Amino acid sequence: MSTAVAPARTGQVLADLIPASRVRDIALVVGGAALTGLAAQIAVPVPGSPVPVTGQTFAALLVGTALGAGRGVAALTLYALAGLLGVPWFAGATSGIGVSFGYILGMILASAAVGALARRGADRSMPRMAGTMLVGESIIYAVGVPYLAATADISLSAAVAAGLTPFLIGDAVKAALAMGVLPTVWKSLKTLKK
């Protein structure tokens with residue numbers, strides 16, 4: 001039985017290179033949710049903010065990009081629903097709705113956007129991957145910051161100060177990691193194909 005990886009075509013994401021089956025899709029969705037939950041446990045408190053720095057957004061954007069929009073949304077929705085039902089895999093081994101739940105909702109939307117961009121080849125070069133990560137991060141903040149303001153009963157400017165500004169440097173580092181990882185995987189697969 002051959003385990004060769006199919007050659008990449010335009011319109012594919014990394015997950016499409018694995019032979020198609022329902023089992024594959026279920027495993028990818030569950031694995032994407034678990035990866036996000038695991039990455040959320042890398043949590044560092046930020047002084048003056050109820051939102052910690054986590055690996056969660058990095059994982060969510062990688063899941064969306066590698067799995068594509070449909071499976072990425074399914075994985076992040078599973079992550080959110082399981083956390084709402086009590087699985088302690090939100091940041092800091094928590095579950096349920098908190099002031100940072102808006103970021104999780106934003107991650108679902110961001111996974112759709114980055115997955116759609118990846119299907120158009122945005123994950124195959126560093127500059128395009130940088131743009132893809134910027135789009136994803138922007139969507140997460142566009143949902144998370146107003147949600148933080150509403151649920152923490154603070155002004156929007158205070159929510160920006162507590163839920164956006166302290167995270168920009170970390171997000172730049174996460175974007176740089178993603179810029180290196182996915183284009184490198186594509187280049188490696190291209191080399192293997194030759």
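How far apart are the mean positions of the positive and negative charges of the protein chain? In this predicted model, the chain carries 13 positive and 6 negative charges, and the mean positions of these two groups lie 16 Å apart. The accessible surface of the chain amounts to about 9,500 Å², and carbon and sulfur atoms contribute 73% of that area.

As regards the overall fold, the protein chain contains 7 helices and 2 strands, which follow one another from the N terminus in the order α-β-β-α-α-α-α-α-α. The radius of gyration is 17 Å, which is close to the 16 Å given by the globule rule for 194 residues, so the chain is as compact as a globular protein of that length. Along the principal axes, the C-alpha atoms occupy a box of roughly 55 × 35 × 25 Å. Of the 194 residues, 42% count as buried. When contacts with a separation of 6 or more are considered, 69% of them are made by residues that stand 24 or more positions apart.

The UniProt record, an unreviewed entry, places the feature "transmembrane region" at residues 26-46, 58-91, 97-118, 139-161 and 167-186. Two of these stretches may be described in terms of the model. Over residues 26-46, the chain is 71% helix and 10% strand, with a distance of 35 Å between the C-alpha atoms at the two ends. Over residues 97-118, by contrast, the chain is 82% helix and 0% strand, and the C-alpha atoms at the ends of this stretch are 30 Å apart.

Two residues that lie in loops call for attention on account of their backbone angles. Ala93, which is located in the loop between helix H3 (69-84) and helix H4 (101-119), has a phi near 60°, a positive value in a residue other than glycine. The relative accessibility of Ala93 is 45%, and because partly exposed residues are those between the limits of 20% and 50%, Ala93 counts as partly exposed. Asp153 lies in the loop between helix H5 (126-152) and helix H6 (156-163), and the phi of Asp153 is near 55°, again a positive value in a residue other than glycine. With a relative accessible area of 72%, Asp153 is exposed, since the term applies to residues over 50%.

Two further residues, both within helices, illustrate buried positions. Thr132 belongs to helix H5 and has a relative accessibility of 2%, so this residue counts as buried, the cut-off being under 20%. If neighbours within four places in sequence are left aside, Thr132 is in contact with Thr65, Val114, Leu117 and Ala122. Of these partners, Val114 and Leu117 fall within the range of helix H4 (101-119).

Ala82 is part of helix H3, and a relative accessible area of 14% means that Ala82 is likewise buried. Apart from residues up to four places away in sequence, Ala82 touches Val87 and Trp89. A separation in space can also be stated for this residue, as the C-alpha atoms of Ala82 and Ser157 are 31 Å apart, while the two residues are separated by 75 residues along the chain.

How values were computed: Residues numbered from 1 in each chain as written. Predicted model: local features only at pLDDT ≥ 70, side-chain atom pairs only at ≥ 80, totals over all residues. Heavy atoms only, no water. Helix = DSSP H or I, 4+ residues; strand = E, 2+ residues; numbered from the N terminus. Rg over C-alpha atoms; globule rule 2.2 N^0.38 Å. Buried < 20%, exposed > 50% of the residue type's maximum accessible area, 1.4 Å probe, protein only. Contact = heavy atoms within 4.5 Å. Areas by Shrake-Rupley, 256 points an atom, 1.4 Å probe, with all protein chains shown as cover. Lys, Arg positive; Asp, Glu negative; His and termini not counted. Charge placed at Lys NZ, Arg CZ, Asp CG, Glu CD. UniProt positions renumbered as here; feature names shortened; annotations may be inferred.
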